[in-house]
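Take a look at the model below. The report that follows starts from one residue and then moves on to cores and helix packing.

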Amino acid sequence: MSVDRVPILMYHSVAHSPARATYGLSVSPEAFAAQMRLLAERRFTPLTAQQLAAAWRTGTGLPEKPVLITFDDGYEGVHRHALPTLVEHGFAATLFASTGWVRGAHDSGGALDLMLSWDQVRELAAAGVEIGGHSHSHPQLDQLTDAQLWFEVARCREILAEELGEPPVSFAYPYGYSDRRVRNTVRAAGFTISLAVGNALAERPQGPYALERVTVRRSTGLGEFERLVEGRGLGRLFVRDRVLTKGYAVVRRTRQVVRKASEARV
C-alpha cells in the first residue's frame with residue numbers, strides 16, 4: 001500500500017450490548033482489542049486527523065504504514081472500552097463529537113445510546129485523543145438552510161473550544177453527507193480538515209475537506225478488517241454500501257431542490 005493512500009477507520013459505538021439503533025455500526029470491546037493488536041503486529045502507525053492534515057499540507061511525509069482510528073458521535077464506550085486499548089498500544093486516535101449529544105450543559109437530546117460526559121471527553125483529550133467536531137445535533141447537513149447549517153457547524157466548534165480550552169481543527173460530516181456548500185461552511189467556521197465516508201482509502205487529491213473513510217461495523221471479521229487496512233478489495237467489500245449511497249444522493253438532491261424552491265417563495 002502506497003503511503004499516498006491512507007486507511008481512515010470509522011468506528012462508532014464500542015460496547016458489549018449497544019442500543020438497537022447503534023448495533024450495526026458498533027463493535028464489541030473484544031473485536032476492537034483484536035483489531036488494534038493486528039495494527040500493532042502489522043506495524044501500522046496511527047495518526048490523528050490533525051497530523052495527517054499537517055503532513056499533507058507541508059509535504060513532510062508520512063510513516064511507512066499510516067492509519068487513522070476515528071470515532072463518530074461520542075459514545076461512552078469509547079472512554080470505557082476503547083481508550084484502555086489505545087493507551088496499551090500507544091495509539092493516537094480522533095473522536096468526532098456531536099456536542100448536543102454529549103451529556104452535560106449543552107445536551108439537546110436525540111442521542112441514540114449512552115454518550116460521553118464532558119469530563120470523559122476531557123480525559124480522552126488528556127490521553128492524546130484528538131477531539132474534532134461532528135455538528136451540534138447530528139443532522140444531514142446538506143439538507144439544512146444556510147442559517148441552520150452555520151449554526152450546526154459554528155456552535156459545535158464554539159462549544160468544543162469552550163469545554164476543551166482550544167478550538168478543534170478537524171470535522172466529520174454526520175452520515176458522511178456533504179456538498180460544496182457544506183464543505184465551504186466547515187472551512188469558513190475554521191476547521192482545516194474534514195472527513196466523509198466513501199468506503200475507500202484517503203488520498204491527498206481528495207482535498208482536505210472530503211477525505212474518505214472505511215466503515216468498521218459489528219459484522220467486520222478480523223480477516224475483513226485486515227483487508228480494510230491493507231486497502232484490498234474495498235470495492236467488493238462495500239458494493240452494497242456504494243449502491244445505497246448513490247440512491248441516497250438522488251433523494252438528497254431532490255430534497256435540496258424542494259428546499260430551495262420553498263425558500264425562494266418565502
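S194 counts as buried because its relative accessibility is 0%, and buried means under 20%. This is a predicted model. S194 sits in strand β8, which covers residues 193-198. Which residues does S194 touch, not counting those up to four places away in sequence? They are F171, Y173, V186, P208, Y209, A210 and L211.

**Nonpolar cores**

In soluble globular proteins, nonpolar side chains tend to be buried together. Here the largest nonpolar core has 38 residues. Y11, F32, L39, I69 and F71 have the most contacts inside this core. Several elements each supply at least two of its residues. Among them are the strands β2 (8-11), β4 (66-73) and β5 (94-97). The helices α1 (29-41), α3 (77-89), α4 (118-126), α5 (146-164) and α7 (222-230) do so too. Another core, of 16 residues, lies apart from the largest one. Its members include V6, A53, A55 and L62.

L39 deserves a closer look. Leaving aside neighbours within four places in sequence, L39 is in contact with L9, F44, V67, I69, F91, F225 and V229.

**Helix packing around α1**

The table sets out two helix pairs.

| Pair | Angle | Axis separation | Crossing |
|---|---|---|---|
| α1 and α3 | about 20° | 10 Å | right-handed |
| α1 and α7 | about 45° | 10 Å | right-handed |

Take α1 and α3. Their angle is about 20°. Angles under 35 degrees count as roughly parallel, so α1 and α3 are roughly parallel to each other. α1 passes α3 in a right-handed crossing. On the α1 side, the contact is made by P29, F32, A33, M36, R37 and A40. On the α3 side, H81, A82, T85, L86 and H89 take part. The residues of this contact divide into seven nonpolar, three polar and one charged.

Now take α1 and α7. These helices pack at about 45°, with their axes 10 Å apart. That angle makes α1 oblique to α7. The crossing is right-handed. From α1, the contact uses A34, Q35, M36, L38 and L39. From α7, it uses L222, F225, E226 and V229. By class, the contact of α1 with α7 has seven nonpolar, one polar and one charged residues.

L39 links these two topics. L39 ranks among the residues with the most contacts inside the largest core, and it is also part of the contact of α1 with α7.

Technical notes: Residues are numbered from 1 along each chain as its sequence is written. This is a predicted model: local features need pLDDT of at least 70, side-chain atom pairs count only at pLDDT 80 or more; totals for chains, interfaces and linings use all residues. Side-chain values use heavy atoms; hydrogens and water are left out. A nonpolar core is a set of buried Ala, Val, Leu, Ile, Met, Phe, Trp, Tyr and Cys residues joined through side-chain atoms within 4.5 Å. Buried means under 20% relative accessible area, exposed over 50%, partly exposed in between (1.4 Å probe, protein chains only). Helices (H or I, at least four residues) and strands (E, at least two) are DSSP runs, numbered from the N terminus. Contact means heavy atoms within 4.5 Å. Axes are lines fitted to C-alpha atoms, for helices over the stretch in contact, and angles run from 0 to 180 degrees between N-to-C directions. Angles under 35 degrees count as roughly parallel, over 145 as roughly antiparallel, 65 to 115 as roughly perpendicular and the rest as oblique. A crossing is left-handed if the near helix is turned anticlockwise from the far one by less than a right angle, and right-handed if clockwise. Ala, Val, Leu, Ile, Met, Phe, Trp, Tyr, Cys and Pro count as nonpolar, Asp, Glu, Lys and Arg as charged, and the others, Gly among them, as polar.
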